[in-house]
Amino acid sequence: MPRVTHVGGPTTLVEVDGWRLLTDPTFDPPGERYRFGWGISSVKLAGPAVAAADLLPIDAILLTHDHHGDNLDAAGRALLAEVPTVLTTVAGARRLGSATGLAPWSEVVLEADGKPPLRVTATPCRHGPPLSRPVVGEVTGFALHATTGVTWITGDTVLYPALREVATRLTVDTTVLHLGGVQFPRTGPLRYTMTGADAVELISLVRPRAVVPVHYEGWAHFHEGRAGVEKALASAPADVRDLFRWLTPGEPAEV
């Protein structure tokens, strides 16, 4: 089973088969406002539970997208140069210049001395309502095919048909689930990530062995925190509700 450390926001260290993989590195201190384009911005409310230097060495960074500061901030961007492999979207790889870009359902195999090969599959994401992709940009999720099972990092996405397709194409053991019900005043009721209700529907389809919620705290634009997700879980079937593992940030856990 994977060992997972929730650093804060979307940032998570996943350890499988001897591999150390970090998702969406965000290590700036709190208090700064980040602009996401189109007049939209947000303030970081909490810093990381673990310093970047304390997580090294890292074998690869799984970057769901590079163009939003809540998924890659200044300190996280500096960390990229210290890690041998960065996987991200096709558009993100072009911007970064030193990353590998993956289109939905494409794959790459990571290899290193002393570790079994690790196959990584890019999974679909849509970071907003229908037709929003030209505005919000490309995002990807990642499925890690380890000897102990598949760990799926959903990435920042709403619930939509291509995401539901994961349930029919992959047998998932552990899901790292990006939530938060992201909203912005400028765009009113439109949402840009999943809510607790969405999580219940998706996990009812995917049926993993364990679910680790992330991306639900630490930023002003996260409109549904743990309490909101737990409210949705309270009315979910017990066999779905009992899958959720709330990790203490900074503390590794076998999931």
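Strands here are DSSP runs of at least two residues, numbered from the N terminus. With that in hand, let's explore this predicted model together.

**Exercise 1. Place Pro116 in the model and describe its surroundings.**

Step 1. Start with the strands: Pro116 belongs to the loop that links strand 9 and strand 10.

Step 2. Next, look at accessibility. Pro116 has a relative accessibility of 31%, so it counts as partly exposed; the class runs between the 20% limit for buried and the 50% limit for exposed.

Step 3. Now find the neighbours. Setting aside residues up to four places away in sequence, Pro116 touches Asp17, Trp19 and Leu110.

Step 4. Compare sequence and space. Val16 and Pro116 are separated by 100 residues in sequence, yet their C-alpha atoms are 9.9 Å apart.

Step 5. Finish with Trp19, one of the residues that Pro116 touches. Lys115 lies over the face of Trp19, 5.6 Å from the ring centre.

**Exercise 2. Trace the open sheet of six strands and find its edges.**

Step 1. Read the order across the sheet: 9-10-11-12-13-14, with mixed pairing.

Step 2. Which strands stand at the edges? They are strand 9 (107-110) and strand 14 (210-214); each has a single partner strand, so one side of each lacks a neighbour in the sheet.

Step 3. Add the twist, which averages 20 degrees from one strand to the next.

Step 4. Zoom in on one pair. Strand 10 (residues 118-123) and strand 11 (residues 141-146) are antiparallel and share five bridges. Within strand 11, Leu144 is the residue opposite Val120.

**Exercise 3. Describe how helix 6 sits against the strands.**

Step 1. Helix 6 lies across strand 12 (149-153), strand 13 (174-178) and strand 14, and makes an angle of about 160 degrees with strand 13.

Step 2. Which residues of helix 6 (residues 196-206) are buried? Among them are Gly196, Ala199, Val200, Leu202, Ile203 and Val206.

Step 3. To read that spacing, recall that an α-helix has 3.6 residues a turn, so residues three or four places apart point the same way.

Step 4. Look just past the helix: Arg207 has a positive phi of about 55 degrees.

**Exercise 4. Follow strand 1 into the other open sheet and examine His6.**

Step 1. Seven strands make up this sheet, in the order 8-7-6-3-2-1-15, and the pairing is mixed. At its edges are strand 8 (100-101) and strand 15 (253-254), each pairing on one side only.

Step 2. Strand 1 and strand 15 run antiparallel and are joined by two bridges. Val4 has Ala253 of strand 15 as its bridge partner.

Step 3. His6 is also part of the story, as a residue of strand 1 (residues 3-8). Is His6 buried or exposed? Its relative accessibility is 1%, so His6 counts as buried.

Step 4. The side chain of His6 comes within 2.9 Å of a partner: the backbone oxygen of Gly9, at 2.9 Å. Leaving out residues up to four places away in sequence, the contacts of His6 include Thr11, Thr12, His215, Tyr216 and Leu247.

**Exercise 5. Find the aromatic pairs and a charge over a ring.**

Step 1. How many aromatic pairs are there when ring centres must lie within 6.5 Å? The count is four.

Step 2. Phe36, Phe184 and Tyr192 are linked into a cluster by ring pairs.

Step 3. Turn to Trp105: the charged end of Arg169 sits over its ring, 4.0 Å from the centre.

Conventions:
Residues numbered from 1 in each chain as written. Predicted model: local features only at pLDDT ≥ 70, side-chain atom pairs only at ≥ 80, totals over all residues. Heavy atoms only, no water. Helix = DSSP H or I, 4+ residues; strand = E, 2+ residues; numbered from the N terminus. Buried < 20%, exposed > 50% of the residue type's maximum accessible area, 1.4 Å probe, protein only. Polar contact = N/O pair within 3.5 Å; in protein donor to acceptor, adjacent residues only side chain to side chain. Contact = heavy atoms within 4.5 Å. Pairing = 2+ DSSP bridges. Axes fitted to C-alpha atoms, helices over the stretch in contact; angles between N-to-C directions. Phe/Tyr/Trp six-rings, centres within 6.5 Å; stacked < 30°, edge-to-face > 60°. Lys NZ or Arg CZ within 6 Å of the ring centre and 35° of its normal.
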